[in-house]
Amino acid sequence: ADVISERAHAYVSPAPLGGWTMLDVRQHVFDAGRIIPDGQRESFTTTALGPVTIIVRTDASDAIVDVISGESKDTLTNVPDVGGWMERRARIQSSGTITLAPRGGSLRDYHVWLVRRD
């Protein structure tokens with residue numbers, strides 16, 4: 001939960017029904033993030049244009065996580081054990097608001113990146 005970065009990207013948590021902060025340390029790497037319960041959503045805005053890969057640092061969870069960006073929708077897929085963390089990725093069209101929507105379990109997201117590979 002990075003307040004400065006969250007403000008800069010108009011982050012919206014599902015508070016008071018979620019968005020609670022937590023922290024973890026894995027293989028000597030500290031990170032803090034938010035818990036998004038099943039059926040809740042979190043969103044942020046971006047100025048990145050065109051297709052990007054969204055990468056979410058998380059832990060093991062059975063939740064299916066939909067990523068919605070405008071008319072684009074995909075589901076995060078697992079990339080296990082990246083330095084003790086789990087990463088989930090999806091390819092989306094980005095611009096404006098991006099929403100993460102877990103179902104079937106909670107999403108605990110510690111870090112989110114958008115990566116463009118031209």
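In this predicted model, strands β2 (residues 29-36) and β8 (residues 107-115) run antiparallel and are joined by 3 bridges. A handy place to pick up this pairing is Arg34, whose bridge partner in β8 is Asp109. Strand β8 also pairs with β3, again in an antiparallel arrangement, and here 6 bridges make the connection. Within that second pairing, Ile55 has Trp113 of β8 as its bridge partner.

Strand β3 turns up again in the interior. In soluble globular proteins, nonpolar side chains tend to be buried together. The largest nonpolar core of this model holds 16 residues, and those that touch the most other members are Ile54, Val65, Val67, Leu76, Ile92, Ile98 and Leu100. Two or more residues of this core come from each of β3 (42-58), β4 (64-69) and β7 (85-103). The top contributor is β3, which supplies 5 residues.

Ile98 offers a good close-up of the core, being one of its members with the most contacts to other members. Leaving aside residues up to four places away in sequence, Ile98 touches Ile54, Val67 and Ile92, and also Phe44 and Leu114. The surroundings of Ile98 are not purely nonpolar, though: Glu42, Ser43, Thr46 and Ser69 are in contact with Ile98 as well, as is Ile68.

Not every nonpolar side chain is tucked away. On the surface, Leu23, Val25 and Phe30 come together as a nonpolar patch, and their combined accessible area is about 330 Å². Of these, Val25 belongs to strand β1, which spans residues 20-26.

The backbone holds a few surprises too. Most residues other than glycine have a negative phi, and most peptide bonds are trans. Two neighbours in the loop between β1 and β2 depart from the phi trend. Gln27, located in this loop, has a positive phi of about 45 degrees without being a glycine. His28, placed in the loop between β1 and β2 as well, likewise is not a glycine and has a positive phi, of about 70 degrees. Are these residues buried or exposed? Gln27 is exposed, with a relative accessible area of 55%, and His28 is exposed too, at 82%.

The peptide-bond exception lies elsewhere in the chain. Ala15 and Pro16 are linked by a cis peptide bond, with omega at about 5 degrees. Pro16 sits in the loop that runs between α1 (3-8) and β1.

Technical notes: Residues are numbered from 1 along each chain as its sequence is written. This is a predicted model: local features need pLDDT of at least 70, side-chain atom pairs count only at pLDDT 80 or more; totals for chains, interfaces and linings use all residues. Side-chain values use heavy atoms; hydrogens and water are left out. A nonpolar core is a set of buried Ala, Val, Leu, Ile, Met, Phe, Trp, Tyr and Cys residues joined through side-chain atoms within 4.5 Å. Buried means under 20% relative accessible area, exposed over 50%, partly exposed in between (1.4 Å probe, protein chains only). Helices (H or I, at least four residues) and strands (E, at least two) are DSSP runs, numbered from the N terminus. Contact means heavy atoms within 4.5 Å. Patches are made of residues with over 30% relative accessible area and no salt bridge: like charges are joined within 9 Å, nonpolar side chains (Val, Leu, Ile, Met, Phe, Trp, Tyr) within 5 Å. Accessible areas come from the Shrake-Rupley method with a 1.4 Å probe; for residues, only the protein chains shown count as cover. A salt bridge is a side-chain nitrogen of Lys or Arg within 4 Å of a carboxyl oxygen of Asp or Glu. Two strands pair if DSSP finds at least two bridges between them.
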